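Here is a colleague's note for someone who is meeting this structure for the first time. Please keep the sequence and the 3D view open while reading the points.

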Amino acid sequence: MQSSEDVATAVGRNVRALRQQRRMTIDALATAAGVSRGTVIQIETSRGNPSIATLAALAAALRVGVTSLIEDASEPRVTVRRAAEAATLWSSAAGSNAVFRIGTDPPDVVELWDWTLQPGDGFDGEAHPMGTQEVLSVLSGRLGLRVGATEQHLDTGDTVLFQAHAPHRYSGIGDGPVRFVMVVLQPGDAGLVPPTSIAEAELPLS
């Protein structure tokens, strides 16, 4: 069982880390939780054990459960998603599919996808919030990529990083299926800065 000192240390470390992840100031967290600025400072510096009511208020303001505030996070968290747990979130009549492998919770979102597109098949992706980026790496086959008015052809082993705030399309353009992995990076402040211009999407690849 954790001692009171260990609990205070864990709560202080977790509250500070969660507040920073959510880009909240100490004053903003105090206001959202309905506690004083001094209380937040004391908790983050492990100078006292907060009451259950204060813990619950902080957890609600940080959008987590109380358990997330008191768990010992001194060891890195390791999350494993087995192959059988991955979800196929898109498929086509041609046999193409997109498998969602794993991802993080907001505010800073990272997603890992595993795609297979049959020859001549494609997928049209909608524009993401400004600041979102995608990284694609072709494992086998040939991939057609269109981002706004820009078109690229990628071969096995090729990798691309692009800003995803314009409509985009992935297409299988080789003689056989193309398989690629994709990472979506969407920071918590994505979409807060309006784009100055967004290229118009061209017609889908035929």
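The points below go through the helices, the loops between them and a sheet, in a model that is predicted.

1. A good place to begin is helix 1, which covers residues 4-21 and so has 18 residues by the DSSP assignment. From its first C-alpha to its last, helix 1 reaches 26 Å, which is close to the 26 Å expected at 1.5 Å a residue.

2. Which residues of helix 1 are buried? They are A8, A10, V11, G12, N14, V15, L18 and R19, a list that contains an arginine and an asparagine alongside residues such as V11 and L18. These buried residues pack against helix 2 (26-33), helix 3 (37-44), helix 4 (52-62) and helix 5 (66-70).

3. The end of helix 1 also deserves a look, since the helix is followed by R23, a residue with a positive phi. R23 lies in the loop between helix 1 and helix 2, and its phi is near 55 degrees, a positive value in a residue other than glycine. With a relative accessible area of 49%, R23 is partly exposed, because the exposed class begins over 50%.

4. A residue to set beside R23 is R63, whose place is in the loop between helix 4 and helix 5. R63 has a positive phi of about 60 degrees although it is not a glycine. Is R63 buried or exposed? Its relative accessible area is 56%, and R63 is therefore exposed, as that value is over 50%.

5. In helix 3, the buried residues are V40, I43 and E44. Around the axis they cover an arc of only 95 degrees, which means that they are on the same side of helix 3. What covers the buried residues of helix 3 includes helix 1, helix 2 and helix 4, and helix 3 is in turn among the elements against which the buried residues of helix 1 pack. Just after helix 3, S46 takes a positive phi of about 60 degrees.

6. Helix 4 holds T54, a residue that can be examined through its surroundings. T54 counts as buried because its relative accessibility is 16%, which is under 20%. Its side chain makes a polar contact with the side chain of S51, at 3.0 Å. Which residues does T54 touch when its neighbours within four places in sequence are left aside? They are V35, T39 and I43, and I43 is one of the buried residues of helix 3.

7. Turning to the strands, the model has an open sheet of four strands, in the order 4-9-6-7 and with antiparallel pairing. Its edge strands are strand 4 (122-125) and strand 7, each of which pairs on one side only. Neighbouring strands of this sheet are turned by 15 degrees against each other on average, with direction ignored. As background, strands of a sheet pair through backbone hydrogen bonds, either parallel or antiparallel.

8. Strand 6 (residues 143-147) is mostly covered, with five of its five residues buried. L143, L145 and V147 point one way from the strand, whereas G144 and R146 point the other way, and all of these are buried. A reader checking strand 6 should therefore look at both of its sides, as the residues pointing either way fall under 20% relative accessible area.

9. How many bridges join strand 6 to strand 7? There are five, and strand 6 and strand 7 (residues 150-154) run antiparallel. In strand 7, the bridge partner of L143 is L154, while that of G144 is H153. Strand 6 is likewise joined by five bridges to strand 9 (residues 168-172), again in an antiparallel arrangement, and there V147 stands opposite H168.

10. Finally, strand 6 and strand 7 form a hairpin with two residues between them. In the turn, G148 has a positive phi of about 60 degrees, and its place is in the loop between strand 6 and strand 7. Although it sits in a loop, G148 counts as buried because its relative accessibility is 2%. G148 and A164 are 16 residues apart in sequence, and their C-alpha atoms are 9.1 Å apart in space.

Technical notes
Residues numbered from 1 in each chain as written. Predicted model: local features only at pLDDT ≥ 70, side-chain atom pairs only at ≥ 80, totals over all residues. Heavy atoms only, no water. Expected span 1.5 Å × (residues − 1). Buried < 20%, exposed > 50% of the residue type's maximum accessible area, 1.4 Å probe, protein only. Contact = heavy atoms within 4.5 Å. Polar contact = N/O pair within 3.5 Å; in protein donor to acceptor, adjacent residues only side chain to side chain. Pairing = 2+ DSSP bridges. Axes fitted to C-alpha atoms, helices over the stretch in contact; angles between N-to-C directions. Arc of directions from axis to C-beta.
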